[in-house]
Each structure stands twice: as structure tokens, then as C-alpha cells.
Amino acid sequence: LLKPNRTISEALMDQSCVSGVGNYLRAEILFDCNLDPWRNVTEITNKEYEKLCEAIIRIAKSFYKSHGASIKTYRNIDGSVGTAQLNFKVYGGKICPSDHEITRRQDRNGRMMHWCSLCQK
């Protein structure tokens, strides 16, 4: 909230705000919370904020236990691939779990955001 003129999506990618959240985590966390990535940070309620904080920790831990997501050429230090991408609900997909089309759009920093405009409000 120290930078009120930005979206929830931008705040999550700001490493000084939330360390360790990258593009695929951002998409999956916001989908889990049913939050529209383009909403302004000042628009989220206390309840949504609490749910968001819980989801960041839970989903990041889950993907860490899966040894990360092997997207394109990513490999772990031992050469193995991660399996987190097998659990993606929106990132890189075409249809969300509710059978709605996934939308993609670049954010202000040129990163592709994936979300379901029907599930995420």
C-alpha cells in the first residue's frame, strides 16, 4: 500500500514487497484467491489480503516441494526436472478448472499475465 497506484499483479512481482514470487507463482496465487490481477492494491479487503498472504506461502511451499516448475529448459542442480507445472491451474493453459478460457495479457513490465476473467474478480 506504500505504492497505491499499482495493481495487485505488480505488487506481487515487486521483490521488495514479496520476495520470491515469479510469473507462474503470481498467476497461480491470484487464481487461487479469485483475485483479478488488474485490481488496484487499494481495492483489496482485509479478508482478501489475509487469503492472499496465506496463498503465497502455501502455493510457494507446494511448488518448492515439487522441485519447481520445469518450463522450457529449467532443470534442478542434479539435472532433474521439477513437477510443479503439472499442477498449474492457469499459467500456460488454455482452460481453467471451471472450463473458462484463460486470458493472457502483458503487464507494464512486459511479463505475460495468465488469468481467468470469469473466476477472478
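**View 1. Leucine 52 and the residues around it.** In this predicted model, leucine 52 is in contact (heavy atoms within 4.5 Å) with Ile8, Leu12, Ile29, Leu30, Cys33 and Leu35, leaving aside neighbours within four places in sequence. Leucine 52 itself belongs to helix α3; helices here are DSSP runs of H or I with at least four residues, strands are runs of E with at least two, and both are numbered from the N terminus. With a relative accessibility of 7%, leucine 52 counts as buried. Buried means under 20% relative accessible area, exposed means over 50%, and partly exposed lies in between, using a 1.4 Å probe and protein chains only. For a sense of distance, the C-alpha atoms of leucine 52 and asparagine 87 are separated by 19 Å, and these two residues are 35 apart along the chain.

**View 2. Helix α2 and its surroundings.** Helix α2 covers residues 23-32, and 8 of its 10 residues are buried, so the helix is largely enclosed by the rest of the structure. Which residues of α2 are buried? They are Asn23, Leu25, Arg26, Ala27, Glu28, Ile29, Leu30 and Phe31. These buried residues pack against α1 (8-13), α3 (46-65) and β2. When you follow the helix by eye, it helps to know that an α-helix has 3.6 residues a turn, so residues three or four places apart point the same way.

**View 3. Asparagine 34, just after α2.** Asparagine 34 comes just after α2 and lies in the loop between α2 and α3. What is the sign of its phi angle? Asparagine 34 has a positive phi of about 60 degrees although it is not a glycine. Most residues other than glycine have a negative phi. At 37% relative accessibility, asparagine 34 counts as partly exposed.

**View 4. Glutamate 43, in the same stretch of loop.** Like asparagine 34, glutamate 43 is found in the loop between α2 and α3. Glutamate 43 counts as partly exposed, at 46% relative accessibility. Now look for threonine 7: it is 36 residues from glutamate 43 along the chain, and their C-alpha atoms are separated by 9.3 Å.

**View 5. Glutamine 15, between α1 and α2.** The place of glutamine 15 is in the loop between α1 and α2. Is glutamine 15 buried or partly exposed? Its relative accessible area is 43%, so glutamine 15 is partly exposed. Not counting residues up to four places away in sequence, glutamine 15 touches Gly20 and Val21. Glycine 92 is 77 residues from glutamine 15 along the chain, with 22 Å between the two C-alpha atoms.

**View 6. Histidine 67, between α3 and β1.** Here is another residue to find in a loop: histidine 67 lies between α3 and β1. Histidine 67 is not a glycine, yet it has a positive phi of about 65 degrees.

**View 7. The hairpin of β1 and β2.** Strand β1 (residues 103-106) pairs with strand β2 (residues 112-115) in the antiparallel sense over 4 bridges; two strands pair if DSSP finds at least two bridges between them. Which residue of β2 stands opposite threonine 103? That partner is tryptophan 115. Arginine 104, in turn, stands opposite histidine 114 in β2. The hairpin has 5 residues between the strands, and glycine 110 takes a positive phi near 85 degrees.

**View 8. Stepping back to the whole protein.** The protein has 3 helices and 2 strands, and along the sequence they follow the pattern α-α-α-β-β. The radius of gyration is 14 Å, close to the 14 Å that the globule rule gives for 121 residues, so the protein is as compact as a globular protein of that length. That radius is taken over C-alpha atoms, and the rule is 2.2 Å times the number of residues to the power 0.38. Along its principal axes, the C-alpha trace spans about 45 × 35 × 25 Å. Buried residues make up 42% of the 121 residues. Among contacts between residues at least 6 apart in sequence, 50% join residues at least 24 apart.

**Notes on the model.** Residues are numbered from 1 along each chain as its sequence is written, and side-chain values use heavy atoms, with hydrogens and water left out. Because the model is predicted, local features need pLDDT of at least 70 and side-chain atom pairs count only at pLDDT 80 or more, while totals for chains, interfaces and linings use all residues.
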